[in-house]
Amino acid sequence: MEAASRVENLFDFRRLPTDGLILTLLLLYAPFGICLMLIRIFIGIHVFLVSSALPDNFIRRVIVRAMCSVLGMIVSQSDPKQRDKNVKTCMANHITQFDHNVLSFLAPCHTPLLEGRAGFVSWARGYMELGWIESRTRLAETLRGYNSLEGERTLLLFPEDEMTNGKVGLLKFSSWAFSINSTIQPVVLTVKRPFIAVSVVESSWLAELLWMFFIPFTIYQVR
């Protein structure tokens with residue numbers, strides 16, 4: 001019973017705050033938040049078009065990162081010199097639907113699609129489609145082959161396989177992710193935002209995107 005309680009603490013099951021004062025402030029903010037969300041939807045379409053049109057390089061990452069800050073996605077990196085550029089596989093904890101996008105602002109990386117349907121939506125969200133979604137063994141073999149190619153982007157993996165709230169701990173890591181490369185660059189991600197939870201169990205990526213547009217800002221801290 002105690003172990004189950006500890007696991008439940010890793011997840012948020014409700015979006016809105018239970019504190020009466022914070023909930024009141026959120027309700028007062030709501031009219032402004034709705035207007036902000038509508039404006040950001042319009043800006044977000046332009047961000048997508050710009051990111052799709054520009055070639056993948058440092059200038060594109062700077063421009064897209066700046067435009068995403070207007071959408072409320074604030075990215076901060078502490079001590080970037082700790083990153084080993086020779087390592088071709090990074091692993092990070094998983095908190096939101098947009099962790100892979102945030103980390104790609106800082107360094108070129110690919111995250112394989114592990115669930116859901118391949119197609120335009122997964123491509124637009126920034127996932128790499130390799131197939132073998134149902135077979136982690138086959139997927140790991142494909143990723144090992146990708147990792148051995150010269151000049152390809154770094155692989156970014158989330159070995160927890162599920163998102164947590166990032167507050168109290170981590171889920172047990174899946175072993176398949178560690179079979180891809182013997183050298184790993186660990187990445188620690190923390191996410192904060194006012195008023196509401198940063199992610200909720202079983203919430204869709206579209207709902208999470210709209211909530212991010214609604215809230216004034218979401219801060220991603222990368223270490």
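The exercises below concern a predicted model of a protein, each with a worked solution.

Residues are numbered from 1 along each chain as its sequence is written, and side-chain values use heavy atoms, with hydrogens and water left out. Because the model is predicted, local features need pLDDT of at least 70 and side-chain atom pairs count only at pLDDT 80 or more, while totals for chains, interfaces and linings use all residues.

**Exercise 1. Describe the overall dimensions and composition of the fold.**

Step 1. Count the elements: the protein has 7 helices and 8 strands. Helices (H or I, at least four residues) and strands (E, at least two) are DSSP runs, numbered from the N terminus.

Step 2. Take the extents: the C-alpha trace spans about 55 × 50 × 35 Å along its principal axes.

Step 3. Compare with the globule rule. The radius of gyration, taken over C-alpha atoms, is set against 2.2 Å times the number of residues to the power 0.38. For 223 residues a compact globule would have a value near 17 Å, and the protein has 18 Å, which agrees.

Step 4. Consider burial, where buried means under 20% relative accessible area, exposed over 50%, and partly exposed in between (1.4 Å probe, protein chains only). Of the 223 residues, 40% are buried.

Step 5. Consider contacts, meaning heavy atoms within 4.5 Å. Among contacts with a separation of 6 or more, 75% join residues 24 or more positions apart.

**Exercise 2. Characterise the surface and the placement of charge.**

Step 1. The accessible surface is about 12700 Å², and 63% of this belongs to carbon and sulfur atoms. Areas come from the Shrake-Rupley method with a 1.4 Å probe; for residues, only the protein chains shown count as cover.

Step 2. Lys and Arg count as positive and Asp and Glu as negative, with His and the chain ends not counted. Each charge is placed at NZ of Lys, CZ of Arg, CG of Asp or CD of Glu.

Step 3. There are 22 positive and 19 negative charges, and their mean positions are 6 Å apart.

**Exercise 3. Which elements supply at least two residues each to the largest nonpolar core?**

Step 1. A nonpolar core is a set of buried Ala, Val, Leu, Ile, Met, Phe, Trp, Tyr and Cys residues joined through side-chain atoms within 4.5 Å. The largest one has 34 residues, and those with the most contacts inside it are Met73, Leu103, Leu156, Met212, Phe214, Tyr220 and Val222.

Step 2. The elements that each give at least two residues to this core are α2, α3 (58–70), β1 (73–77), β2 (89–92), α4 (99–106), β7 (189–192), α7 (205–214) and β8 (218–222).

Step 3. The largest share, 6 residues, comes from α2. Apart from this core lies another, of 11 residues, among them Met128, Ala140, Leu157 and Trp176.

Step 4. Trace one member: leaving aside neighbours within four places in sequence, Leu103 is in contact with Ala92, Cys109, Leu156, Phe158, Val187 and Val222.

Step 5. Examine α7, where Glu208, Leu209, Met212, Phe213 and Phe214 are buried. The buried residues of α7 pack against α2, β1 and β8.

**Exercise 4. Is valine 75 buried or exposed, and what does valine 75 touch?**

Step 1. Valine 75 lies in strand β1 and is buried, with a relative accessible area of 10%.

Step 2. Beyond neighbours within four places in sequence, valine 75 is in contact with Arg65, Val102, Phe105, Leu106 and Tyr220.

Step 3. Valine 75 and valine 102 are 27 residues apart along the chain, with their C-alpha atoms separated by 6.9 Å.

**Exercise 5. Examine the positive phi values in the loop between β7 and α7.**

Step 1. Most residues other than glycine have a negative phi.

Step 2. Phenylalanine 195, in this loop, has a positive phi of about 75°. Phenylalanine 195 is partly exposed, with a relative accessible area of 24%.

Step 3. Glutamate 202, also in the loop between β7 and α7, has phi near 65°. Glutamate 202 is exposed, at 80% relative accessible area.

**Exercise 6. Locate aspartate 56 and list its contacts.**

Step 1. Aspartate 56 is in the loop between α2 and α3 and is partly exposed, with a relative accessible area of 40%.

Step 2. Apart from neighbours within four places in sequence, aspartate 56 is in contact with Arg61 and Arg153.
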